[in-house]
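Reader: Please guide me through this model, one question at a time. I should like each term explained when it is used.

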Amino acid sequence: MTNYKENPNRTVFNIDFDGVLTTGEYTDNPGPEYPIIDRVKELYLNGHIIIIWTARQWDQAPFLVGWLTKYSVPFHGVIMAKGGSDFYLDDKMITMERFYHDKF
């Protein structure tokens with residue numbers, strides 16, 4: 001998926017891997033969360049920037065990129081250093097409902 005619209009109003013989306021793109025939490029063989037993947041594809045094709053964000057260690061980068069490729073998840077970059085935490089607070093967070101339904 002390399003053909004996407006030029007979008008002067010593009011938005012950068014940092015999408016978490018475990019529990020967002022995948023069903024459930026961290027496992028060695030996570031399943032795909034297809035509704036989220038479909039929305040990511042739509043955003044990508046509409047010219048937005050997709051960064052996959054995970055707390056997995058760098059030695060798992062080949063697994064991560066392989067998984068994204070297997071399930072055709074388009075992305076511009078990967079960040080593998082979210083830092084460990086039990087909760088994340090972010091002033092730019094959006095709800096899953098808004099992610100599904102808002103027009104970006």
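Author: Contact here means heavy atoms within 4.5 Å. Helices (H or I, at least four residues) and strands (E, at least two) are DSSP runs, numbered from the N terminus. The model is predicted: local features need pLDDT of at least 70 and side-chain atom pairs count only at pLDDT 80 or more, while totals for chains, interfaces and linings use all residues. Residues are numbered from 1 along each chain as its sequence is written, and side-chain values use heavy atoms, with hydrogens and water left out.

Reader: What pattern does the protein chain follow when read along the sequence?
Author: The chain contains four helices and five strands. Read from start to end of the sequence, these elements follow the pattern β-α-β-β-α-β-α-β-α.

Reader: What percentage of the residues of the protein chain count as buried?
Author: A residue is buried under 20% relative accessible area, exposed over 50% and partly exposed in between (1.4 Å probe, protein chains only). The protein chain has 104 residues, and the share that count as buried is 34%.

Reader: In what order do three strands form an open sheet?
Author: Two strands pair if DSSP finds at least two bridges between them. β1 and β4 run parallel and are joined by five bridges, while β4 and β5 pair in the parallel sense over three bridges. Three strands thus form an open sheet, with parallel pairing, in the order β1-β4-β5.

Reader: Which are the edge strands?
Author: In the open sheet of order β1-β4-β5, an edge strand pairs on one side only, and the two that do are β1 and β5.
The twist from one strand to the next averages 30 degrees.

Reader: In β4, which residue is the bridge partner of Asp 16?
Author: Across the pairing with β4, Phe 13 stands opposite Ile 50 and Ile 15 stands opposite Ile 52. For Asp 16, the bridge partner in β4 is Trp 53.

Reader: Which side chains along β1 point to one face and are buried?
Author: The side chains of β1 (12–16) alternate. Val 12, Asn 14 and Asp 16 point to the other face and are not buried, whereas those that are buried are Phe 13 and Ile 15.

Reader: How many of the five residues of β4 are buried?
Author: β4 (49–53) pairs with β5, where Gly 77 stands opposite Ile 51. The strand β4 is mostly covered, and of its five residues the number buried is four.

Reader: Why do the buried residues of α2 line one face of the helix?
Author: Helix α2 (residues 34–45) has 12 residues, and its end C-alpha atoms are 16 Å apart, which agrees with the 16 Å expected at 1.5 Å a residue; the expected span is 1.5 Å times one less than the number of residues. Its buried residues are Ile 36, Ile 37, Arg 39, Val 40, Leu 43 and Tyr 44. Seen down the axis of α2, they line one face because they fall within an arc of 160 degrees. The arc is that of the directions from the helix axis to the C-beta atoms.

Reader: What covers the buried residues of α2?
Author: The cover comes from both strands and helices. It includes β1, α1 (17–21), β3 (31–32), β4, α3 and α4 (96–101).

Reader: Which residues of α3 are exposed on the other side?
Author: In α3, Ala 61, Leu 64, Trp 67 and Leu 68 are buried. They cover an arc of only 130 degrees around the axis, which puts them on the same side of α3. These buried residues pack against α1, β2 (22–23), β3, α2, β4 and β5. On the other side of α3, the exposed residues are Pro 62, Thr 69 and Lys 70.

Reader: What is the phi of Ser 72, which is not a glycine?
Author: Ser 72 lies in the loop between α3 and β5. Ser 72 is partly exposed, with a relative accessible area of 42%. Although Ser 72 is not a glycine, its phi is positive, at about 55 degrees.

Reader: Which residues does Phe 75 touch, not counting residues up to four places away in sequence?
Author: Phe 75 is in the loop between α3 (61–70) and β5 (77–79). Its relative accessible area is 27%, so Phe 75 is partly exposed. Not counting residues up to four places away in sequence, Phe 75 touches Tyr 44, Ile 50, Ile 52, Val 65 and Leu 68.

Reader: How many Å apart in space are Phe 75 and Ile 15, C-alpha to C-alpha?
Author: In sequence, Phe 75 and Ile 15 are 60 residues apart. In space, C-alpha to C-alpha, their separation is 9.5 Å.

Methods
Axes are lines fitted to C-alpha atoms, for helices over the stretch in contact, and angles run from 0 to 180 degrees between N-to-C directions.
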